[in-house]
2 protein chains.
Amino acid sequence: MGENPVRFGILACANIARKVARAIQLAPNSTLYAIASRSLEKAKQFATANGFPSTTKVYGSYEELLDDPGVDVLYMPLPTSLHVQWATLAAQKRKHILLEKPTALDVAELDKILEACEANGVQFMDGSMWLHHPRTSRMKELLADSTGEVSFIHSTSTVNEPPEFFDKDIRVNPGLDALGALGDLGWYCIGAALWAKDYQLPNAVTALPGVKQSSAGVILSCTAALQYDQHHKTVAIIHCSFFSHSSMDLAVVGKNASFHLNDFIIPFQEDSAFFDFTRLAKFAELHIGWNVKPEKVVVPNELPQEALMVQELARLVQGIRKAEHRPDTKWPEKSRKTQMVVDAVKKSIDLGCVPIYL
Amino acid sequence: MGENPVRFGILACANIARKVARAIQLAPNSTLYAIASRSLEKAKQFATANGFPSTTKVYGSYEELLDDPGVDVLYMPLPTSLHVQWATLAAQKRKHILLEKPTALDVAELDKILEACEANGVQFMDGSMWLHHPRTSRMKELLADSTGEVSFIHSTSTVNEPPEFFDKDIRVNPGLDALGALGDLGWYCIGAALWAKDYQLPNAVTALPGVKQSSAGVILSCTAALQYDQHHKTVAIIHCSFFSHSSMDLAVVGKNASFHLNDFIIPFQEDSAFFDFTRLAKFAELHIGWNVKPEKVVVPNELPQEALMVQELARLVQGIRKAEHRPDTKWPEKSRKTQMVVDAVKKSIDLGCVPIYL
């Protein structure tokens, strides 16, 4: 547990909160301190059903959790439309924030949250767990050292949802999560493209024809191109859908090497992950076979990526608490750029798949 | 060798002809009968350097090869701009044709070739070797049986060419191969998308911004989207480039399953090939890991895919020779649809990346 563990409060009993609650308990520098729902009964049931420690405080309103001085960090798996209200309030109450993605309905809303965080000296981080896996760091090293300038990025995030999902899930409710698949799934693809380009923003973002939307206008499936005008003219393709078999592909092709993985968001298994890396491949004599085959690079991880995310946030919070440093601006910047590109894809769709220049 | 092996003549000493000459010798129903260059000396050198049988006839002009009544099939690895002239003439001389891709500079030229083939009762096939690998058939079975309606296709073909390539290679010479990377590499990606969609033509084809062209207008790198308007609105992304590390990725994602491979054009090794197949994958409880991991489906092949291509063509020629059947229209139809989409990508690029409706 370490000294002075960072105390997490969970604001809302979403399904994903079960995974993050486990992560909070696995992270050595954090503790599961409290949970709140809008109903005390629901919060109690959730805590019991998920085996929360008996010491976990249980609240029947979000306000009570926000007012508890013992809470250091709020994890907020709320419907997207509620983020700006509750995250801003949390920052004003000097709570550090772990906000589920998509961070907001648009960057204007996110900016309100980030301004409140900055004004109150609190750390902000979104719930992109994969960024914290050591596999991601290993790929970044290869990108820096071996890949050469990136020329092409391909990323998908698809899930085949059952029919009832389209009737009632909050992720397709226009009042709660109007960004639909773009916010829920495309967030990861866009984040991966930005990550591969060291968070340079693309010059233009264009949604491709073939978008599927619900009758209420919620995006259910879309594809988009992110275009960089610089010398190497990188193109990144992102594709997200609620209608396709589970996929979470990431391919990054550079001048001298490429890597491929098909589980970049949630690794196939919890204790290690791999990617295929190919460098300086040529075709063999007569173009029969390859001289180099992909190397399977395996990266073990002692903690699951979501626990590493919690641990990193708690580490930053401990530093702020001890006045060793200010909040790390890297995390809100990553979120903000991702949200900007999400917004651009949405705008391109709304305007009939025209290019949106950033 | 079998009875009455089909006699292949090779028209032009291209580098790729070395691979196909070997394939002709490996195929049990075909024989390497003759080679022609515009220079007798060059043809002799080529035959010697590549260990051709001493029985192989050697010609110092294309016309002599065309006039040799012993030739059943002409394999033509000529620069694309020369295809229409020589392939039409070959058909008129009643030679069956194995034509390197891209088949022509545009579909109007290809139609002249195909009309000559039809008028003269000769078989036409293009040199897309990967279509003949048993791995491709195995994937097709899974597409029909398990994948469900295809929703997304992703395909790349990239090679990192050295600087001197851009000065002198015929594949970037505007007078010889004006289609550049689109014809040489994109041909495969487009072919793969059509293959996955059972050769339905897309409704629209749109090149994406970020195209790289030489000063003479030859396409060196491009990305395009093929869009299907039907209920499932399939989107296929194709990407080809002379500037990137070797890649030949194909991913097909359907409703219930997906497959992935990174060597679809030239398998990593010659005697077997594999792909990753994932069906009905869900995330495990708490979204920690997957309940199903990709299955590595290994498909052995007794002959290399290029020998299987030669064998299939020779089988068709034997049937025609015995008057058992007419030329198989499947192969020219596949080539023609691929060429149509190549043309549409080119037109979209020429018009500033607008959608081209087919």
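## Annotated domain

In an unreviewed entry, UniProt places the feature "domain: Gfo/Idh/MocA-like oxidoreductase N-terminal" at residues 7–125 of chain A. The structure discussed here is a predicted model. Within that model, the span 7–125 of chain A is 43% helix and 21% strand, and the C-alpha atoms at its two ends lie 16 Å apart.

## Two domains in chain A

Chain A is divided into two domains, each made of two segments. Domain 1 takes residues 6–128 + 307–328, and domain 2 takes residues 130–305 + 339–357. Their C-alpha centres are separated by 27 Å. Domain 1 of chain A brings 23 residues to the contact, and domain 2 of chain A brings 23 residues as well.

Putting the two domains of chain A together buries about 1900 Å², with carbon and sulfur atoms giving 58% of that area. Three residues, K101(A), S128(A) and L308(A), supply 32% of what domain 1 buries against domain 2, more than any other three residues.

## Polar and charged pairs between the domains

Two salt bridges are counted between domain 1 and domain 2 of chain A. The side chains of K101(A) and D184(A) meet in a salt bridge, with an N to O distance of 3.3 Å. K101(A) is also one of the three residues named above for buried area. Polar contacts between the two domains come to 18 residue pairs, with both residues at pLDDT 80 or more.

On the side of domain 1 of chain A that touches domain 2, the elements giving two or more residues are α1 (16–26), α5 (107–120), β6 (124–126) and α9 (305–321). Helix α9(A) gives the largest share, five residues. By residue class, this side of domain 1 divides into twelve nonpolar, five polar and six charged.

## The interface of chains A and B

The size of an interface is often given as the accessible area lost when the parts come together. Between chain B and chain A, this buried area is about 5300 Å², and carbon and sulfur atoms give 60% of it. H245(B), F268(B) and W290(B) together supply 15% of the area that chain B buries against chain A, more than any other three residues. In terms of contacts, 61 residues of chain B touch 61 residues of chain A.

Two salt bridges are found across the interface of chain B and chain A. R18(B) and E285(A) meet through their side chains in a salt bridge of 2.3 Å, N to O. The two chains also share 33 residue pairs in polar contact, both residues being at pLDDT 80 or more.

## Elements of chain B at the interface

Which elements of chain B give two or more residues to the side that touches chain A? They are helix α1 (16–26) and the strands β7 (150–160), β10 (219–227), β11 (235–241), β12 (243–247), β13 (250–254), β14 (257–261) and β15 (272–279). Strand β7(B) contributes the largest share, seven residues. The residues on this side of chain B divide into 23 nonpolar, 24 polar and 14 charged.

## Salt bridges overall

Side chains of opposite charge can pair when their charged atoms come close. Over all chains, the count comes to 38 salt bridges. One example within a chain is R138(B) with E141(B), whose closest N and O atoms are 2.8 Å apart. Both residues lie in helix α6 (residues 134–147) of chain B. R138(B) and E141(B) are three residues apart there, about one turn of the helix.

Note on methods:
Residues are numbered from 1 along each chain as its sequence is written. Chains are lettered from A and ligands numbered from 1 in the order in which they are written. This is a predicted model: local features need pLDDT of at least 70, side-chain atom pairs count only at pLDDT 80 or more; totals for chains, interfaces and linings use all residues. Side-chain values use heavy atoms; hydrogens and water are left out. UniProt positions are given in the numbering used here, feature names are shortened, and annotations may be inferred rather than shown by experiment. Helices (H or I, at least four residues) and strands (E, at least two) are DSSP runs, numbered from the N terminus. Contact means heavy atoms within 4.5 Å. Buried area is the accessible area (1.4 Å probe) that two parts lose on being put together, summed over both. A salt bridge is a side-chain nitrogen of Lys or Arg within 4 Å of a carboxyl oxygen of Asp or Glu. A polar contact is a pair of N or O atoms within 3.5 Å; within protein, one must be able to donate a hydrogen and the other to accept it, and residues adjacent in sequence count only if both atoms are side-chain atoms. Ala, Val, Leu, Ile, Met, Phe, Trp, Tyr, Cys and Pro count as nonpolar, Asp, Glu, Lys and Arg as charged, and the others, Gly among them, as polar. Domain bounds come from an automatic or database domain assignment.
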